[in-house]
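Work through these exercises with the model open beside you. Try each task before you read its solution.

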Amino acid sequence: MDEREEDDDEAWLQLRPVEPLPSQCCGSGCSPCVFDLYTRDLARWEAARASKDRSLLRGKASQSCPSKLSPETFLAFRISAIDKLTKDTYHVRFTLPGNGQLGLWPGQHLILRGMVDGLEIQRAYTPISPAGAEGYFEVLIKCYQAGLMSRYVESWRAGDTAFWRGPFGGFCYKPNQYGELLMLAAGTGLAPMVPILHSITDNADDETFVTLVGCFKTFEGIYLKTFLQEQAQFWNIRTFFVLSQENSLEQLPWSYREKTRFGRLGQDLIEELVGSCRRRPFALVCGSAEFTKDVARGLLRAGLAEDSYFLF
C-alpha cells in the first residue's frame with residue numbers, strides 16, 4: 001500500500017461513525033434508538049467506502065440543520081423559564097421558534113441529550129404542555145442525587161440551550177376513543193397524563209370521562225396542584241391522591257380530604273377504583289418500573305384485559 005492509499009484509508013476511518021456508549025441510550029425503547037441510528041450510519045459509511053464515493057454520506061450530513069423536530073436528529077431549544085417545584089423537581093419551559101407547535105400527540109415523549117464530564121447521556125421526558133401550545137413546550141424533570149442527567153439539568157439557567165429529538169411513544173390519544181380513562185400515576189409519572197387531560201378538557205366535543213389517581217409521598221410533594229384542582233372542576237374529570245408518608249386527614253386542606261387515601265396503591269384500592277369508574281375504563285399507568293409492574297398486575301386481577309391498559 002503506497003502513502004496515498006494509507007492517507008485515503010485514514011481519511012475514511014476518520015469519517016467512520018462512532019458507536020454510542022451505553023449511557024447514550026435512554027432505555028425507553030425509542031425507535032429509532034441511538035444504536036439504530038449508528039447501525040444505519042455505519043452501513044451507509046461502509047457502502048460509501050466500498051464504492052469510494054463520499055457523496056453517499058450526504059444523507060447523514062443533510063440532517064445537520066433540520067427545520068423541525070425529528071426522531072433522528074437533536075434540535076436546540078432555548079430555556080425561557082425554570083421553576084423549582086420541590087427540592088428535587090423542576091418545571092422547565094422551552095421556546096419554540098416562530099411561535100410554532102411541537103407537533104406531538106398527547107402523551108408522546110422526547111429524548112433529551114446532556115453532557116457531563118465529557119460523557120454524553122440521554123433520557124426520555126414527556127412534555128406537560130398542551131399538544132397545541134404555540135411558541136413553547138414544558139417538561140417536568142425530577143433530579144436524583146447520583147444522577148448524571150440530574151447534574152446536567154441542575155446546571156441549567158434561563159437562556160441556556162438544550163437538545164431534544166422525537167417524538168416517541170406508542171400511545172397517541174384521540175378524542176372519544178375510550179369511554180373512560182383511568183390514569184394511575186406515581187410522581188413524575190403524572191407527566192404524560194397532563195397533555196391528555198389538556199386535550200380532553202380543551203375540546204368541548206370530547207366527552208371522555210377521566211379518573212386520575214396521583215401517588216405521591218406527601219401532600220407538599222404533589223405536582224401541579226393548581227392545574228389538577230382546575231381540571232377537577234370539569235364535569236367529566238375526577239382526581240384522587242394516594243400519599244405514602246402521610247397519615248392525618250386533618251393536616252390536609254378541606255378540598256383534599258375526601259379524595260385522599262394513605263399508604264400505597266394496593267390491590268383493594270385498584271379494584272375499588274376500577275369498580276367506581278362510570279364506564280368500562282382503559283387504564284394508563286406511569287411511574288417507576290416497580291410501580292408500573294405492580295399496578296399492571298393489579299389491573300389484571302381487577303378484571304381488565306391486557307388490551308385494556310397502556311404502560312408508559
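**Exercise 1.** Where is Lys174 found? Then decide how accessible Lys174 is.

Solution. This is a predicted model, so read every value as computed from a prediction.
- Step 1: Place the residue. Lys174 is in the loop between strand 6 and strand 7.
- Step 2: Check accessibility. Lys174 has 45% relative accessibility. Partly exposed covers the range between 20% and 50%. So Lys174 counts as partly exposed.
- Step 3: Look across to Ile196. The C-alpha atoms of Lys174 and Ile196 are 9.1 Å apart, and 22 residues separate the two along the chain.

**Exercise 2.** Ile196 belongs to helix 5. Decide whether helix 5 is enclosed by the rest of the structure or not.

Solution.
- Step 1: List the buried residues of helix 5. They are Met193, Val194, Pro195, Ile196, Leu197, His198, Ile200 and Thr201.
- Step 2: Set them against the helix length. Helix 5 spans residues 193-201, and eight of its nine residues are buried, so the rest of the structure largely encloses it.
- Step 3: Find the cover. It includes strand 7, strand 8, helix 6, strand 9 and strand 11.

**Exercise 3.** Classify the aromatic pair Phe77 and Phe137, then the pair Phe171 and Phe282.

Solution.
- Step 1: Start with the whole structure. A search finds 17 aromatic pairs.
- Step 2: Take Phe77 and Phe137. Their centres are 5.3 Å apart and their planes meet at 90°. Planes over 60 degrees apart count as edge-to-face. The Phe77 and Phe137 pair is therefore edge-to-face.
- Step 3: Locate the two rings. Phe77 is in strand 1 and Phe137 in strand 5, so the pair ties together parts 60 residues apart in sequence. Phe77 and Phe137 are buried.
- Step 4: Take Phe171 and Phe282. The centre distance is 6.2 Å and the plane angle 15°. Planes under 30 degrees apart count as stacked. The Phe171 and Phe282 pair is therefore stacked.
- Step 5: Locate these rings too. Phe171 is in the loop between strand 6 and strand 7, and Phe282 is in strand 11, so this pair ties together parts 111 residues apart in sequence. Phe171 and Phe282 are both buried.
- Step 6: Widen the view. Phe77 and Phe137 belong to one aromatic cluster with Phe94, Tyr125, Tyr152, Trp156 and Trp164.

**Exercise 4.** Describe how helix 8 and helix 9 cross.

Solution.
- Step 1: Recall what is needed. Two packed helices are described by an angle and a distance between their axes.
- Step 2: Read both. The axes of helix 8 and helix 9 come within 9 Å and cross at roughly 55°. That makes helix 8 oblique to helix 9.
- Step 3: Add the hand. The crossing of helix 8 and helix 9 is right-handed.
- Step 4: Name the contact. Helix 8 offers Gln267, Ile270, Glu271 and Val274, and helix 9 offers Val295, Arg297, Gly298, Leu299 and Arg301.

**Exercise 5.** What is unusual in the backbone at Pro167, Asn176 and Leu224?

Solution.
- Step 1: Recall the usual case. Most residues other than glycine have a negative phi, and most peptide bonds are trans.
- Step 2: Check Pro167, which lies in strand 6. The peptide bond from Gly166 to Pro167 is cis, with omega near 5°.
- Step 3: Check Asn176. Its phi is positive, about 60°. Asn176 is in the loop between strand 6 and strand 7.
- Step 4: Check Leu224. Its phi is also positive, near 55°. Leu224 is in the loop between strand 8 and helix 6, and it is buried at 17% relative accessible area.

Definitions and conventions:
Residues numbered from 1 in each chain as written. Predicted model: local features only at pLDDT ≥ 70, side-chain atom pairs only at ≥ 80, totals over all residues. Heavy atoms only, no water. Phe/Tyr/Trp six-rings, centres within 6.5 Å; stacked < 30°, edge-to-face > 60°. Helix = DSSP H or I, 4+ residues; strand = E, 2+ residues; numbered from the N terminus. Buried < 20%, exposed > 50% of the residue type's maximum accessible area, 1.4 Å probe, protein only. Contact = heavy atoms within 4.5 Å. Axes fitted to C-alpha atoms, helices over the stretch in contact; angles between N-to-C directions. Parallel < 35°, antiparallel > 145°, perpendicular 65-115°, else oblique. Left-handed = near helix turned anticlockwise from the far one by under 90°.
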